[in-house]
Amino acid sequence: MFCNSAISCIIVPTVQAAPNPMEMIGHREFLFLADLIASKSRIQLGPDKRALVTARLHRRLQKLGVDYKGYCEFLKTPAGMPEIRILVELVSTNFTYFFREQEHFDCLREMVLPEWISSFPHPSTAGKFRLWSAGSSTGEEAFSAAMIIWDFMQEHPSKDWQVEATDISDRVIDEARKGIYRTKQLQRVSREDLRQFFLKGTGPYDGTFRVKPFLRKKVNFQRLNFFDHPYPVEKGFQVIICRNVMIYFDRETQHHLCQTLSDYLAPGGYLMVGHSEGLITTFEHQLERVLPSVWRKSGNRERIASRRRADQATEKTTE
Ligand SMILES: C[S@@+](CC[C@H](N)C(=O)[O-])C[C@H]1O[C@@H](n2cnc3c(N)ncnc32)[C@H](O)[C@@H]1O
């Protein structure tokens, strides 16, 4: 037998009606889903999120033709495994826009990039600047950073750069790869940047703008769940932006994630978090606060000094 929906094949013996739009998810079903979501993504859903979960799942359950009980039963079966990713996507918050939290982008332009360049005693020395937008959602944060780096690097042709952007949700990563945005998300992009980095949509794409290919090529989007190791990105980032992500995790998880992200920073690298996120840092994180929501990993001075020594040694041997 073939059927379009695997779920209806599994659940048919106990067919349930799709939930009534006014019907709230049952207490037991809510607890089951909240536990399952926390075990896969560490996203914490307290009892106050029952209405939110109901609202986010309603259309999915209607599409599948099951009620909350049937949905939970399905998730317990091997055939329900792929549905868990969809469940996590449905409950996670993906809200974002270009140049959200201006302080981070000013810091990147005025402090991080000039400091990185000044650590090379010779302008022609090769080097690669790497930034990671961790929890990137649909890509606005990664492309905002990419525009700044692109502009900066025009004066430094011997340097290469790359932006990595990751998220737990396949759906947002697919959207981000397309790089198509509505004007509402682009309100903070200057006219000049719009002209330089975007193409205007016409016909069916009227009212949208697409990031130009030269910039899209510099941003690599991948799925990454912070709690599945190993990560598909290499260590040694100059900047990690992990913003408005940790608020969804409990304190212990935030602490571990800070440790992991700190391990992925190069010495002297910067971690940028959301303004509302009270980052828990301890000595072992090796992070010191430099701005209200920007932290720096120790070791920058040592790194610059050792690079200078290495360059001086090379100079001597070539004299
Ligand atoms: C509110 S958005 C933040 C977007 C952007 N960083 C900003 O500040 O505008 C939070 C993102 O974190 C992602 N996320 C949640 N849990 C995650 C996890 N365990 N691993 C990776 N990404 C996760 C969500 O899918 C969502 O896209």
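Glu-101 lies in the loop between α5 (81-91) and α6 (102-118). Helices here are DSSP runs of H or I with at least four residues, strands are runs of E with at least two, and both are numbered from the N terminus. Glu-101 isn't a glycine, yet it has a positive phi of about 60°. At 15% relative accessibility, Glu-101 counts as buried. That word has a cut-off: buried means under 20% relative accessible area, exposed means over 50%, and partly exposed is in between, with a 1.4 Å probe and protein chains only.

Keep in mind that this is a predicted model, where local features need pLDDT of at least 70 and side-chain atom pairs count only at pLDDT 80 or more, while totals for chains, interfaces and linings use all residues. Residues are numbered from 1 along each chain as its sequence is written, and side-chain values use heavy atoms, with hydrogens and water left out.

Arg-42 is another non-glycine residue with a positive phi, this time of about 70°. You'll find Arg-42 in the loop between α2 (27-41) and α3 (50-64). Is Arg-42 buried or partly exposed? With a relative accessible area of 33%, Arg-42 is partly exposed.

There's a backbone feature to spot at Pro-230 too: a cis peptide bond joins His-229 to Pro-230, with omega at about 0°. Pro-230 belongs to the loop between β6 and β7 (237-241).

Now for the ligand. There are 21 residues around it, and Asn-94, Thr-96, Arg-100, Glu-141 and Asp-167 come nearest. A residue is near a molecule if one of its heavy atoms lies within 4 Å of it. Sorted by type, the shell has eight nonpolar, nine polar and four charged residues. In this sorting, Ala, Val, Leu, Ile, Met, Phe, Trp, Tyr, Cys and Pro are nonpolar, Asp, Glu, Lys and Arg are charged, and the others, Gly among them, are polar.

Here are some polar contacts, meaning pairs of N or O atoms within 3.5 Å; within protein, one must be able to donate a hydrogen and the other to accept it, and residues adjacent in sequence count only if both atoms are side-chain atoms.

| Protein atom | Partner | Distance |
|---|---|---|
| Thr-96, polar side-chain atom | oxygen atom of the ligand | 2.6 Å |
| Glu-141, N or O atom in the side chain | nitrogen atom of the ligand | 2.8 Å |
| Gly-135, polar backbone atom | nitrogen atom of the ligand | 2.9 Å |

The protein covers 99% of the 610 Å² of accessible area that the ligand has on its own.

Next, look at Lys-218, in the loop between α10 (213-216) and β6 (219-223). Lys-218 is buried, with a relative accessible area of 18%. What does its side chain meet? A polar atom of the Lys-218 side chain lies 3.0 Å from the backbone oxygen of Trp-161. Lys-218 and Gln-162 are 56 residues apart along the chain, but 5.5 Å separates their C-alpha atoms.

Trp-161 itself is part of strand β2 (residues 159-167), and is buried at a relative accessible area of 4%. Its C-alpha is 4.5 Å from that of Phe-129, 32 residues away in sequence.

Strand β8 (residues 265-272) holds Gly-269, a buried residue with a relative accessible area of 2%.

Finally, helix α4 (residues 68-75) is mostly covered, with six of its eight residues buried. These are Tyr-68, Gly-70, Tyr-71, Cys-72, Phe-74 and Leu-75.

Definitions and conventions:
Areas by Shrake-Rupley, 256 points an atom, 1.4 Å probe, with all protein chains shown as cover.
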